[in-house]
Each structure stands twice: as structure tokens, then as C-alpha cells.
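Student: Can we go through this one together? I'd like to start with the strands and see where that takes us.

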Amino acid sequence: MDWLTENVEIIVIVLIAMVLIQWIMMLNLGGKLKKLRKSYLHMMEGAGVENLEGVIQSLQEEQKLQTAEIENAALRMAKVEAKMPQLKSNIAIKRYNAFSNIGSDMSFSVAITNDNKDGIVLTSIHSREGAYIYGKPVDKGTSQYSLTPEEQEVINAAK
């Protein structure tokens with residue numbers, strides 16, 4: 001007890017110093033809080049809402065919808081990519097003179113195939129009497145019907 005009574009002035013000075021330090025810290029925190037509130041109000045100015053939680057929830061819902069749309073688009077794209085090799089998009093044509101006694105390249109063969117060489121070959125033979133058109137199915141580059149060299153050439157050229 002003697003020690004407390006003898007050092008009362010020092011204890012009071014230490015306590016006053018601690019109160020002043022806490023008061024300075026409180027002013028500092030108040031300034032930071034004011035700056036944070038000002039930043040928050042500036043950020044929320046264009047949002048039209050009063051709480052940040054609502055904004056975050058709406059952004060999460062929007063992200064979920066966009067994720068679902070992306071997954072749906074990826075599935076559709078996978079289906080399209082699976083169909084691409086089957087599409088009859090490879091075409092080649094060759095004009096030729098089927099008969100030596102007719103003067104120009106009036107006959108032709110057209111191949112329309114997919115990547116597996118499945119499709120059709122159409123041939124038009126032009127003669128003095130008329131034109132004759134033949135169609136033959138093609139399966140893996142061959143046909144159950146005999147193919148002329150010109151037909152085989154356009155099937156191989158169709159890319």
C-alpha cells in the first residue's frame with residue numbers, strides 16, 4: 001500500500017497518458033470508419049440498394065444462370081461437332097468428253113460425300129441423242145454399282 005500512495009502522481013500520469021493514447025486511437029478509427037463509409041456509399045451509389053448482401057446474392061444468381069447457359073451451349077456444340085463428319089459437305093466435279101466423236105466436255109460427274117466418303121455420285125453423259133443422268137450411292141468411297149474412272153476420281157477428289 002505504501003508504494004501506491006507514494007507513486008500516485010506517476011500512476012495518474014500513466015493513466016492520463018493511456019487515456020490520451022486510447023482517445024487518439026479512437027479518433028484514428030473514427031476517421032477510418034468515415035472513409036470506409038464514404039467508399040461504401042460511393043460504391044452503392046449506382047446500385048439502387050441499401051445493402052451489399054442483396055447485391056452479392058443477385059450477382060450469384062446471375063452467375064448461376066450464366067453457368068447453366070454456358071453448359072447448355074457446350075452440349076449443343078458437342079452435338080453439332082458430332083454431326084459434322086456425317087454432313088455431305090465434300091463436293092467435287094469433273095467435266096469430260098465421254099465420246100471422242102463429240103467435240104467438247106459436255107459430260108460430267110459430281111460427287112457429294114461426307115468425311116467418311118459416304119454419299120452419292122451423279123453422272124451426266126451427253127451424246128448426240130441426248131443426255132443421260134445416273135445416280136449411284138457411295139459407301140466408304142465405293143458403290144455397289146460399277147464406277148467409271150471419272151466417278152472414282154471425283155469421289156476421291158471430294159474433300
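**Strands, core and salt bridges**

Tutor: Let's start with one pair: Ile-93 stands opposite Val-110 in E2. Keep in mind that this is a predicted model.

Student: Which strand pairs with E2 there, and over how many bridges?

Tutor: That is strand E1, residues 90–96. E1 and E2 pair in the antiparallel sense over seven bridges.

Student: And E2 itself, is it enclosed or not?

Tutor: Largely enclosed by the rest of the structure, because five of the seven residues of E2 are buried.

Student: What does E2 join on to next, going to E3? How many bridges?

Tutor: Six bridges join E2 (residues 107–113) to E3 (residues 119–126). These two run antiparallel. One pair to find: Thr-113 has Gly-119 in E3 as its bridge partner.

Student: How many residues sit between E2 and E3?

Tutor: Five, and the two strands form a hairpin. Look at Lys-117 in the turn. Its phi is positive, about 65°, although Lys-117 is not a glycine.

Student: Is Lys-117 buried, exposed or partly exposed?

Tutor: Partly exposed, because its relative accessible area is 21%.  The cut-off for buried is under 20%.

Student: OK, on to E4. How many bridges join it to E3?

Tutor: Eight bridges, and E3 and E4 (residues 131–138) run antiparallel. Ile-125 stands opposite Tyr-132 in E4. E3 and E4 also form a hairpin, with four residues between them. Gly-130 in that turn has a positive phi of about 160°.

Student: Which residue in the loop after E4, the one leading to H4, has a positive phi without being a glycine?

Tutor: Lys-140, with a phi of about 55°. Lys-140 is found in the loop between E4 and helix H4 (149–157). Lys-140 is exposed, because its relative accessible area is 62%.

Student: Back to E3. What about Ser-124, buried or exposed?

Tutor: Ser-124 lies in strand E3. Ser-124 counts as buried, because its relative accessibility is 7%.

Student: What is Ser-124 in contact with, not counting its neighbours in sequence?

Tutor: Leave aside anything within four places in sequence. Then Ser-124 is in contact with Ser-107, Phe-108, Ala-131, Tyr-132 and Ile-133.

Student: New topic. Which residues make the largest nonpolar core?

Tutor: Seven residues: Ala-92, Ala-111, Val-121, Val-138, Val-154, Ile-155 and Ala-158.

Student: Why would nonpolar side chains end up together?

Tutor: In soluble globular proteins, nonpolar side chains tend to be buried together.

Student: Let's pick Ala-111. What is it in contact with?

Tutor: Again, skip neighbours within four places in sequence. The contacts of Ala-111 include the core residues Ala-92, Val-121, Val-154, Ile-155 and Ala-158. The others are Asn-90, Ile-91 and Ile-120.

Student: What about nonpolar residues on the surface? Which ones make a patch?

Tutor: Val-8, Val-12, Ile-16, Leu-20, Trp-23, Ile-24, Met-26 and Leu-27 make a nonpolar surface patch of about 770 Å². Take Ile-24, which is in helix H2 (residues 8–44). Ile-24 counts as exposed, because its relative accessibility is 53%.

Student: Now charges. How many salt bridges are there?

Tutor: The count comes to four. We can look at some of them. In one, the side chains of Glu-153 and Lys-94 meet at 2.9 Å, N to O. Glu-153 lies in helix H4 and Lys-94 in strand E1, so this pair ties together parts that are 59 residues apart in sequence.

Student: How exposed are Glu-153 and Lys-94?

Tutor: Glu-153 is partly exposed, with a relative accessible area of 41%. Lys-94 is also partly exposed, at 24%.

Student: Which residue does Lys-136 form a salt bridge with?

Tutor: Glu-151, with the closest N and O atoms 2.8 Å apart. That pair links distant parts of the chain: Lys-136 is in strand E4, Glu-151 is in helix H4, and they are 15 residues apart.

Student: Are Lys-136 and Glu-151 buried or exposed?

Tutor: Both are buried.

Student: Last one. What about Lys-64 and Glu-61, where do they sit?

Tutor: Both are in helix H3 (residues 52–83). They are three residues apart, so about one helical turn separates them. Their side chains meet in a salt bridge at 3.8 Å, N to O. Lys-64 counts as exposed at 55% relative accessibility, and Glu-61 as partly exposed at 46%.

Key. Residues are numbered from 1 along each chain as its sequence is written. This is a predicted model: local features need pLDDT of at least 70, side-chain atom pairs count only at pLDDT 80 or more; totals for chains, interfaces and linings use all residues. Side-chain values use heavy atoms; hydrogens and water are left out. A nonpolar core is a set of buried Ala, Val, Leu, Ile, Met, Phe, Trp, Tyr and Cys residues joined through side-chain atoms within 4.5 Å. Buried means under 20% relative accessible area, exposed over 50%, partly exposed in between (1.4 Å probe, protein chains only). Contact means heavy atoms within 4.5 Å. Two strands pair if DSSP finds at least two bridges between them. Patches are made of residues with over 30% relative accessible area and no salt bridge: like charges are joined within 9 Å, nonpolar side chains (Val, Leu, Ile, Met, Phe, Trp, Tyr) within 5 Å. Accessible areas come from the Shrake-Rupley method with a 1.4 Å probe; for residues, only the protein chains shown count as cover.
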